[in-house]
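Q: I'd like to learn how to read a model like this one, starting with the ligand. Can we go through it together?

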Amino acid sequence: MKKKHLFWLLLPTYWLLMAIAIVVIAFYAFHSMSNLYFQALENDIRTRATLFAEEVAPVIREGDEAQIDALCKRIGESVQTRFTIIMPDGTVTGDSSEDPDMMENHRARPEAIAAFGGDAGMDRRYSRTLKQEMIYLAIPLKDESNRVLCAVRAALPMTSIQAELHTMTRRVLTASVLAGLLAMLICVGVVRRITTPLRGMDLAARRFAEGDFTHRIPPHPALELDQLATSLNSMSEQLNKTVSTVIEQRNEQNAVLSSMDEGVLAIDRRERIIHMNRVAGIILGVNHHDSKRQLMQHVVRFVNLQEFIKAALSSQSPLKRDLSLIGTPQKQIQASGTVLRNADEESIGALIVLRDVTQLRHLETVRSDFIANVSHELKTPITSIKGFVETLLSDDWNHSEDILRFLNIINQQAGRLNSIIDDLLTLSRLERKNGCLRETIRPTNLATVINSAIDLCQIKASENNITVDMVCPENLIIPVNGPLIEQALVNLIVNAVKYSETGKKVKIIAEEHLDKVTIEVRDQGFGIENKHLDRLFERFYRIDAARSRTLGGTGLGLSIVKHIVQAHRGSIQVESTVGIGSAFTIQLPLAEPTE
Ligand code: ADP
């Protein structure tokens, strides 16, 4: 529907109301005035008729018709009034304007009928005798016995009053038209007074909508419009504050995001980029300003990262993955993905955080290579030292007691050094294998692996008079690298034996769950204080270094276990109570690792 201006909606209504008011007033005024005129005329003619009746009464009583007529003519002429004397039979005996003998019977005239009925009668009509509109008033003239002798009729022409009425009509019409025109102009003014401030407010509201909050609507004398103006002004102030806060927050957020060392990528459910910070642009090799609202596939060219983002979008739990971005130069990144939620906690996409760990990985490789190289370099001299010392310790030499003691110390320390080097080499092998462990994974019978680990520790356990038991479903087959899991179990069993008093028990319990296998190594040993549990799997972390050393520990056993478990995408937990014992639980997934 075509919208009209309020001005054109209001104005015709106002005009119509004004026109109706003016017509009603004009009509009423005209009506009242003409009534007033006729009333005055009536009174006038009544007075003339009464006075004439008194004048003519004696003559009528005498019955001299010629005199009656002469009196009618004489007085009629002097007061400019037509007088007629009508007898009860309707004959006219005197008339100021005509010869009574020539006049027709007046018995049927309305005013005569009323007069002969005893009352004054009045009528307005066209006089065929005088050829003009006339007003007639007849009053009865009675004798002593109240009998109507005749009707005395006075008549006045309507011409003057009609002329007066015409003039008055013209004046009323002119006044009405003028008043109408004036009213129309006033209406235009009144409507303008309503619509102009509204238009001003409309313009102001548009400026507010365009973000110009400096504009203010001036106060208005009309209370409602003034209140509206005040409300709009305060709404603008409020909007200004809100918009400023939002801009400030956005700038702060942008500043925070762009100063971050990590790349941040927000993706909506339709895989469009909501936000990308500067560092993410650098990592992905794109301009972060141009990527907004673009499809993730158009911006992120790396297939493995695209797959990770898709996985993060469909996953309800946080994801973390190390990815290589193939390009020049090749980048190593650590990607974390979490669900992005709105204020109503509904998922609206995913938040991806990218950390460029190329340098870190490079340093790790350098460190790992260094340790591997040093270990390799040390391995040969230590082996030969150990070999020669063992030769010197043989019975053939006949050493003095002191030399024998020294040689034993050298042998013991060389043995320790050899163990450390072995463990270090194992760790660096594990670190290197980490990526390509998948190829070495085979379906393996877990009971066999545990049994073989127990066998390897049996001598040490027997030395300490410790029994090692195991509970494991016989046919439990899991996808693992058997020798590595065996080594992890050996390390845990050796620790359980080492850190227990003689005569205690060690139990290994393996259980199959829905999607994983747990292997628990429980001992009744010294236990570990809670404060050490977090750092237990760090390299060379030992609770009591002296005791560990005495017992032949390297401080690397648990670190190796952790690496082996992680290489299988599993996890390890420890629970321990001082004086009661410890339980190390390995969890391994039943599904074969995909990457
Ligand atoms: P270590 O060669 O010294 O045994 P590990 O890495 O194997 O090195 O263990 C780290 C430290 O954890 C040990 O020095 C020891 O103090 C503690 N620990 C490991 N296993 C046990 C256990 N079963 N009971 C008590 N303490 C343990």
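A: Sure, starting with the chemistry around the ligand. By class, the shell holds 9 nonpolar, 7 polar and 3 charged residues. In this scheme Ala, Val, Leu, Ile, Met, Phe, Trp, Tyr, Cys and Pro are nonpolar, Asp, Glu, Lys and Arg are charged, and the others, Gly among them, are polar. Bear in mind that this is a predicted model: local features need pLDDT of at least 70, side-chain atom pairs count only at pLDDT 80 or more, and totals for chains, interfaces and linings use all residues. Residues are numbered from 1 along each chain as its sequence is written, and side-chain values use heavy atoms, with hydrogens and water left out.

Q: How many residues surround the ligand, and which are the closest?

A: A residue is near a molecule if one of its heavy atoms lies within 4 Å of it. Here 19 residues surround the ligand, and Asn 495, Tyr 499, Asp 523, Ser 548 and Thr 554 are the closest.

Q: Which elements each supply at least two residues of that shell?

A: Helices (H or I, at least four residues) and strands (E, at least two) are DSSP runs, numbered from the N terminus. Helix α12 (482-498), helix α15 (557-567) and strand β17 (581-589) each supply at least two residues of the shell. With 3 residues, α12 gives the most.

Q: What should I look for in polar contacts to the ligand?

A: Look for a pair of N or O atoms within 3.5 Å; within protein, one must be able to donate a hydrogen and the other to accept it, and residues adjacent in sequence count only if both atoms are side-chain atoms. In this model, a backbone N or O atom of Thr 554 sits 2.8 Å from a ligand oxygen. For Lys 498, a side-chain N or O atom is 3.1 Å from an oxygen of the ligand. A polar backbone atom of Ile 543 is 3.5 Å from a ligand oxygen. As for cover, the ligand taken alone exposes 520 Å², and the protein buries 96% of that. Those areas come from the Shrake-Rupley method with a 1.4 Å probe; for residues, only the protein chains shown count as cover.

Q: You mentioned α15. How many of its residues are buried?

A: Buried means under 20% relative accessible area, exposed means over 50%, and partly exposed is in between (1.4 Å probe, protein chains only). In α15, 9 of the 11 residues are buried, so you can call the helix mostly covered. Among them are Gly 557, Leu 558, His 563 and Ala 567. After α15 comes Arg 569, with a positive phi near 60°.

Q: Where else does a positive phi turn up outside glycine?

A: Try two loops. Gln 80, in the loop between α2 (65-78) and β1 (82-86), has a positive phi of about 55° without being a glycine. Glu 271 has a phi near 65° and lies in the loop between β6 (263-268) and β7 (273-276).

Q: Is Gln 80 buried or exposed, and what about Glu 271?

A: Gln 80 is exposed because its relative accessible area is 64%. Glu 271 counts as buried because its figure is 17%.

Q: Which residues does a buried loop residue such as His 106 touch?

A: Contact means heavy atoms within 4.5 Å. His 106 lies in the loop between β2 (92-95) and α3 (110-116), and at 3% relative accessibility it counts as buried. Leaving aside neighbours within four places in sequence, His 106 is in contact with Ile 86, Gly 90, Val 92, Ala 112 and Arg 153.

Q: What does a loop residue with an exposed side look like?

A: Take Thr 214, in the loop between α4 and α5 (223-259). Thr 214 counts as exposed because its relative accessibility is 68%. Its side chain makes a polar contact with the side chain of Asp 212, at 2.4 Å.

Q: How are the domains laid out?

A: Domain bounds come from an automatic or database domain assignment. That assignment gives domain 1 (6-164), domain 2 (260-356), domain 3 (361-431) and domain 4 (442-589). The contact between domain 3 and domain 4 takes 11 residues from domain 3 and 14 residues from domain 4. Their C-alpha centres lie 25 Å apart.
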